[in-house]
Amino acid sequence: MNLQGLKHKGRAAAAAALFLCLSGCGSMVVNPVTGQTERSVMDEASEIAEGKKAHAQVLQEYQALADPKLQAYVNEIGQRLAKQSHRAHLEWHFTVLDSPEVNAFALPGGYVYVTRGIMAYLDSEADLAGVIGHEIGHVTARHGAQRATRQQTAGIGVLAASVLGVVLESQGVGGATELLGQASQNAAAGYIASYGREQELQADGLGAEYLVRSHYRPQNMVDVIGVLKQQERFAAEQAKAEGKQAPSQNSWLASHPSNDQRLAQIREIASQYKADDANYQDDGAERYLKAIEGMPFGESAEQGLSRGQNFYHTGLGIAISAPMGWKISNSAEALSLVSPQGDAALVLRPIPTKAGGAHEDILRRLLKPEQGQVDKLNLNGLPASRFTGVVRNAQGQRQPVELTLVDGPKQQQYALQYLGRDAGALYRAKPQMREAEATFRALTSADRKAAQPWMLRTQAFPAGGFAQLAKASPLGERAEAQLRLLNGALDGEPKVGTKVKVVVTKP
């Protein structure tokens, strides 16, 4: 939950606002890459207009990283690649998003995004160019417009988020109240919808072509896939070690198939270009490390921080602890503590100021319960009321609901709702939900000390190797493995004195 989540409608509403009704049967357009004529519901003017509209939604949802120098660096690389593309005439926009997700995507009309999460795992400017070049390829080949056309032909309507490669996926936990709306979507698993294999291969080929034209080695397309495969594997192993579910597929590789056959095809594409070193500049590793110096790593303080089983939000002044084995899933408008089986969740959301007041009034106004019971509670000194009863859902059906309203610090009220895929799942998870609810609290001095954000720094590789760096790292038990991953050094070690990435607590 970030502070902006109190000011806008959040993920579900942002996605809903992106619905487009592209009417008509489309027209014939020429694909800039293939030169072939194809039927499309989006001409170039439509691509640009819809991309611009969706761009505003993306920035509202994710926010651009507040680092003008890094934004300018990424934009310069992107513009250089775009000038070598099949649609150099477009007005291209390149943005670094303030998100720890390992991701990159593009919107029709020339809007390309990379997250700081994916940038943390890249090793050079050429790697970054490989990611950006691939996304430019999706735009130049009109893959978003092609998907929109297929969906309209199928008669299912066009969701701009799908046109753009952005979708919300539910964890499968159902909501029941107007108060919490579509709370199940707040544990959303992913944002990038898969393109077809042929489209991905075409984007790979175009990315490699744009790299060569910009004097980068096309083999960096291969390097990027390898690095991100390792990161995905590490995340899964870490989740297993912590007794959690493997992370959902909200990563670049989730939409860019990462099997061995795919890698072989990428290598084949890269090998088609002559290995003429005179044509290629250096990979820009030193420039890249300088550019990302001081970049936030992991979650940001503005969005709230997860440290082990604890969640801290210094801006809102609150903290809560998840039961062992439960996953903490944070979104723009809600925090979900999800059971290990993924079939139940305790969802924490702020109550809009205009809907606030006495707990009984909030319940009557927003839930309109047909029957129920309210029990007064005290959560670590914070007044609270637990409602258990029956309401009418959006379809007019009677449905049981259990939630707790609590008066948090800074005059903000919250709802903690108990959600389950079915009655059995809810019953099994309820003791752990009660346990978690009882930890909701105003930040203590110990909480504030633990809630320190992290950032990337570079330093000379020491004689003691990654083991020495791990001792001073805040990353925890697997610090050495993660530092190796961040520096692309799973096997072997850099030379002593070589600049490497480290994670430090932000001063």
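Arginine 484 is buried in this predicted model, with a relative accessibility of 16%. This value counts as buried because the cut-off for that class is under 20% relative accessible area. The side chain of arginine 484 forms a salt bridge with that of glutamate 480, at a distance of 3.6 Å from N to O. Both residues belong to helix α16, which covers residues 479–486. They are four residues apart there, or about one turn of the helix. Glutamate 480 is partly exposed, and its relative accessible area is 32%. The pair therefore joins a buried arginine to a partly exposed glutamate.

Salt bridges that share partners also occur in the model, and they link Glu38, Glu44, Glu47, Arg87 and Arg142 into one network. In total, 24 salt bridges were counted.

A second pair within one helix is formed by glutamate 209 and arginine 213, whose side chains meet in a salt bridge of 2.4 Å, N to O. Helix α8, residues 197–213, holds both glutamate 209 and arginine 213. The spacing in this pair is four residues, about one turn of the helix. Arginine 213 has a relative accessible area of 35% and is partly exposed.

The salt bridge between glutamate 125 and arginine 287 has an N to O distance of 3.0 Å. Glutamate 125 is in helix α5 (residues 125–140), while arginine 287 is in helix α11 (residues 285–292), so this salt bridge ties together parts of the chain that are 162 residues apart in sequence. Glutamate 125 is buried, with a relative accessible area of 3%. Arginine 287, by contrast, is partly exposed, and its relative accessible area is 37%.

Backbone angles were examined as well. Histidine 215 shows a positive phi of about 70°, although this residue is not a glycine. The loop between α8 and α9 (220–241) contains histidine 215. With a relative accessibility of 38%, histidine 215 is classed as partly exposed.

Asparagine 380, also a residue other than glycine, has a positive phi near 50°. Asparagine 380 is located in the loop between strands β15 (371–379) and β16 (382–392). The relative accessible area of asparagine 380 is 48%, and the residue is partly exposed. Asparagine 380 is not classed as exposed because that class requires a value over 50%.

Definitions and conventions:
Residues are numbered from 1 along each chain as its sequence is written. This is a predicted model: local features need pLDDT of at least 70, side-chain atom pairs count only at pLDDT 80 or more; totals for chains, interfaces and linings use all residues. Side-chain values use heavy atoms; hydrogens and water are left out. A salt bridge is a side-chain nitrogen of Lys or Arg within 4 Å of a carboxyl oxygen of Asp or Glu. Helices (H or I, at least four residues) and strands (E, at least two) are DSSP runs, numbered from the N terminus. Buried means under 20% relative accessible area, exposed over 50%, partly exposed in between (1.4 Å probe, protein chains only).
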